[in-house]
Amino acid sequence: MALVPPWTADTAHKKVKGAQKLWNTKNPDDVIKAYTEDTIWRNRDQFLKGHSEIHSFLVRKWQKEHNYRLRKELFAFTDNKIAVQFWYEYQLDPADPSRWSRCYGLEDWTFAKDGRMWKRQMSGNEVAISNEERWFKDGMSDEEVDAIVLG
């Protein structure tokens, strides 16, 4: 079943979790398929348009963000928009297990009628963390991470 607007609580939740799963593949070739060809993004201070720019952005992102793991949670939705709270962690240098970073933020998504995302706006704040401060420890399930983060 294709997930297309207008969103309900159930379909919006499924769309968010589908995006989480897709981004955790760290495969730009697959991720880009979820966006319209003329998609526009604001990612912090970067403004991107179209598959080519966004694909290049994702390649660069995941070349520097090692052991990346992301969680997304539905924040709000309307007919063709979804707002998401997210957080992800990644290792800065795979040779140094003590250097990690965590990003928290919100995303505002607008969808085309076919269910692909036309607009993505991301605001995030990044903090350096130690290995001991990580939420996404190796082997932890999403439920265990949620228990720590969401309480």
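Is Asp-10 buried, partly exposed or exposed, and what is its relative accessible area? Asp-10 is partly exposed, with a relative accessible area of 43%, where buried means under 20% relative accessible area, exposed means over 50%, and partly exposed covers what lies in between (1.4 Å probe, protein chains only). The model described here is predicted, so that local features need a pLDDT of at least 70 and side-chain atom pairs count only at pLDDT 80 or more, whereas totals for chains, interfaces and linings use all residues. Residues are numbered from 1 along each chain as its sequence is written, and side-chain values use heavy atoms, with hydrogens and water left out.

Asp-10 forms a salt bridge with Lys-14, the closest N and O atoms being 3.2 Å apart; a salt bridge is taken as a side-chain nitrogen of Lys or Arg within 4 Å of a carboxyl oxygen of Asp or Glu. Both residues lie in helix α1, four residues apart, about one turn of the helix, with helices (H or I, at least four residues) and strands (E, at least two) being DSSP runs numbered from the N terminus. An α-helix has 3.6 residues a turn, so residues three or four places apart point the same way. Like its partner Asp-10, Lys-14 counts as partly exposed, at 38% relative accessibility.

The structure holds eleven salt bridges, among them the pair of Glu-65 and Lys-61, whose closest N and O atoms are 2.9 Å apart. Glu-65 is buried, with a relative accessible area of 5%, and Lys-61 is likewise buried, with a relative accessible area of 8%. Arg-102 forms a further salt bridge with Glu-89, the closest N and O atoms being 2.8 Å apart. This pair links distant parts of the chain, with Arg-102 in strand β5 (residues 100-111) and Glu-89 in strand β4, 13 residues apart, and both Arg-102 and Glu-89 are buried. In addition, Lys-17, Arg-71 and Glu-73 are linked in a network of salt bridges.

Helix α3 comprises 15 residues (residues 50-64), which at 1.5 Å a residue should span 21 Å, and the distance of 22 Å between its end C-alpha atoms agrees with this; the expected span is 1.5 Å times one less than the number of residues. The buried residues of α3 are Gly-50, Ile-54, Phe-57, Leu-58, Lys-61 and Trp-62. They cover an arc of only 120 degrees around the axis, which puts them on the same side of α3, the arc being that of the directions from the helix axis to the C-beta atoms. The face turned away from this buried side carries the exposed residues Ser-52, Gln-63 and Lys-64. The cover over the buried residues of α3 includes α1 (9-23), α2 (28-31), β1 (35-43), β2 (46-49), β3 (66-77) and β4 (81-91).

His-51, also found in helix α3, is partly exposed, with a relative accessible area of 23%. When its neighbours within four places in sequence are left aside, His-51 is in contact with Ile-32, Tyr-35, Thr-36, Glu-37 and Thr-39, contact meaning heavy atoms within 4.5 Å. The side chain of His-51 reaches the backbone oxygen of Tyr-35 at 2.7 Å. His-51 and Arg-120 are 69 residues apart in sequence and 13 Å apart in space, C-alpha to C-alpha.

Arg-120 belongs to the strand pairing of β1, being the bridge partner in β6 of Trp-41. Strand β1 and strand β6 (residues 117-129) pair in the parallel sense over five bridges, two strands being paired if DSSP finds at least two bridges between them. Four bridges join β1 to β2, which run antiparallel, and in β2 the bridge partner of Arg-42 is Phe-47. The hairpin of β1 and β2 has two residues between the strands, and within it Arg-44 takes a positive phi near 55 degrees. Arg-44 is partly exposed, with a relative accessible area of 30%.

Most residues other than glycine have a negative phi, and most peptide bonds are trans. Besides Arg-44, with its positive phi, Lys-26 has a phi near 60 degrees, a positive value in a residue other than glycine. Lys-26 lies in the loop between α1 and α2 and counts as partly exposed, at 33% relative accessibility. The peptide bond from Pro-5 to Pro-6 is cis, with omega near 5 degrees, and Pro-6 is placed in the segment before α1.

Key
A polar contact is a pair of N or O atoms within 3.5 Å; within protein, one must be able to donate a hydrogen and the other to accept it, and residues adjacent in sequence count only if both atoms are side-chain atoms.
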